[in-house]
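Here is a short report on one protein chain. Keep the sequence and the 3D view open while reading.

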Amino acid sequence: MGKGLLPDTHELAATAARSLAIGKCDVSLVVGARLNWLLHFGEPPKWSKDVKFILVDISKEEIELRKPFLGLVGDGKRVLEMINKVIKDDPFCLGKSHPWVEAISKKAKENVSRMEAQLAKDVVPFNFLTPMRIIRDAILGLGSPAPILVSEGANTMDVGRSVLIQTEPRTRLDAGTWGTMGVGLGYCIAAAVASPGRLVVAVEGDSGFGFSAMEVETLVRYELPVVVIVFNNGGVYGGDRRNPEELTGPYKDDPAPTSFVPGVAYHVLIEAFGGKGYLVGTPDELKYALAECFSAKKPAVINVTIDPYAGAESGRMQHKN
């Protein structure tokens with residue numbers, strides 16, 4: 001939710017050097033965010049054992065739960081206004097040439113360069129990076145006001161957090177703290193209603209999309225400017241990935257429970273209601289579909305065919321499936 005408050009492209013943005021920034025800092029001001037698993041609970045080894053947390057939260061209970069060095073109960077905007085007023089005559093500023101700031105900037109540039117080298121490759125059949133780069137560039141090409149980005153899925157959301165760039169505040173909604181799947185289309189509808197005329201772009205994994213896919217009917221019925229992009233890799237983390245012994249046993253004809261019917265035509269679903277659907281599998285096809293959809297600002301689904309073996313399982317629990 002905080003992405004875009006400082007543009008990801010800003011020279012002082014530390015998103016690309018996250019591990020260094022949180023691992024070496026001595027004081028962390030956390031505004032309106034929980035010290036949960038997304039921030040490694042504020043504990044070593046991801047954080048220094050000597051780090052001092054200043055938590056700003058509207059909830060007194062949240063602060064009491066984490067027992068920070070200092071807790072400030074109140075609305076984030078109001079608290080920050082008060083802090084700025086107090087330090088007005090003696091502002092805290094390290095400067096761009098400070099060794100700490102330079103170290104973070106250097107690490108961020110190194111990490112971005114490594115990522116860009118991977119993103120520059122046109123991999124077909126698609127991996128996750130190639131279409132994500134094309135989507136990123138198409139969104140950035142729209143300028144301001146930036147579209148509201150909605151994202152859910154396993155690999156799709158994880159890769160999207162690293163690749164898709166937020167340049168304006170309050171322009172990103174994803175599955176959040178608990179990775180709750182199925183919220184994507186509801187978020188799209190709400191965002192379109194709350195921001196009339198603003199383009200909404202959803203980047204969805206096929207599993208996440210499946211939880212609420214029928215809401216494309218709502219998009220068409222209300223003619224909402226929502227473009228849904230589905231990364232179709234045939235299941236949760238990918239297609240049927242059973243072990244060799246499972247392919248010869250008594251259940252060899254049963255698909256893995258995490259796999260879907262191969263080649264699902266998600267784009268046809270919205271066409272059934274009168275919307276526009278696209279099936280793409282190459283960079284040129286995806287670029288064409290994005291250009292047409294972004295220009296039209298009408299309900300559409302782009303079904304992006306991904307290599308079913310491009311994904312990676314979170315948590316290494318495939319053997320339990």
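Ala-202 stands opposite Val-228 in strand 7. This is a predicted model. The two strands involved are strand 6 (residues 200–205) and strand 7 (residues 226–232), which pair in the parallel sense over six bridges.

**The six-stranded sheet**

Strands 6 and 7 belong to an open sheet of six strands. The order is 5-4-6-7-9-8, and the pairing is parallel. Strand 5 (172–174) and strand 8 (276–280) stand at the edges. Each has a single partner strand, so one side of each is left without a neighbour in the sheet. From one strand to the next, the twist averages 15 degrees.

Helix 6 (residues 155–163) packs on this sheet. The helix touches strand 4 (148–152), strand 5, strand 6 and strand 7. Its direction makes about 155 degrees with that of strand 5. The loop between helix 6 and strand 5 holds Arg-170. Phi of Arg-170 is near 55 degrees, a positive value in a residue other than glycine. Most residues other than glycine have a negative phi.

**The three-stranded sheet**

Three strands form an open sheet in the order 1-2-3, again with parallel pairing. Which strands stand at its edges? They are strand 1 (27–31) and strand 3 (70–73). Each has a single partner strand, so one side of each has no neighbour in the sheet. Neighbouring strands here are turned by 10 degrees against each other on average, direction ignored.

Strand 1 and strand 2 pair in the parallel sense over five bridges. Ser-28 stands opposite Phe-53 in strand 2. Helix 3 (residues 76–86) lies across strand 1, strand 2 and strand 3. The helix runs at about 140 degrees to strand 1.

**A cavity lined in part by strand 2**

How many cavities of 30 Å³ or more are there? The count comes to one. The largest cavity has a volume of about 40 Å³. Its lining consists of Val-30, Ala-33, Arg-34, Leu-35, Leu-55, Val-56, Asp-57, Glu-62 and Arg-66. Strand 2 (52–57) and helix 2 (60–66) are the elements that give two or more residues to this lining. Strand 2 gives the most, with three residues. By class, the lining has five nonpolar, no polar and four charged residues.

**Cis peptide bonds**

Two cis bonds lead into prolines, as follows.

| Peptide bond | Omega | Place of the proline |
|---|---|---|
| Pro-44 to Pro-45 | about 10 degrees | Pro-45: loop between strand 1 and strand 2 |
| Val-124 to Pro-125 | near 0 degrees | Pro-125: loop between helix 4 (99–119) and helix 5 (129–140) |

Most peptide bonds are trans.

**Annotated spans**

UniProt, in an unreviewed entry, lists residues 1–82 as "domain: Thiamine pyrophosphate enzyme central". The end C-alpha atoms of residues 1–82 lie 22 Å apart. That span is 26% helix and 18% strand.

UniProt also lists residues 155–304 as "domain: Thiamine pyrophosphate enzyme TPP-binding", again in an unreviewed entry. The end C-alpha atoms of residues 155–304 lie 14 Å apart. The span is 34% helix and 17% strand.

Technical notes
Residues numbered from 1 in each chain as written. Predicted model: local features only at pLDDT ≥ 70, side-chain atom pairs only at ≥ 80, totals over all residues. Heavy atoms only, no water. UniProt positions renumbered as here; feature names shortened; annotations may be inferred. Helix = DSSP H or I, 4+ residues; strand = E, 2+ residues; numbered from the N terminus. Pairing = 2+ DSSP bridges. Axes fitted to C-alpha atoms, helices over the stretch in contact; angles between N-to-C directions. Contact = heavy atoms within 4.5 Å. 1 Å grid on protein atoms, 1.4 Å probe; cavity = no way out; pocket = protein on both sides within 12 Å on 5 of 7 lines; lining within 4 Å. Points joined across faces, edges and corners; volume = space filled by probe spheres on them. Nonpolar A, V, L, I, M, F, W, Y, C, P; charged D, E, K, R; others polar.
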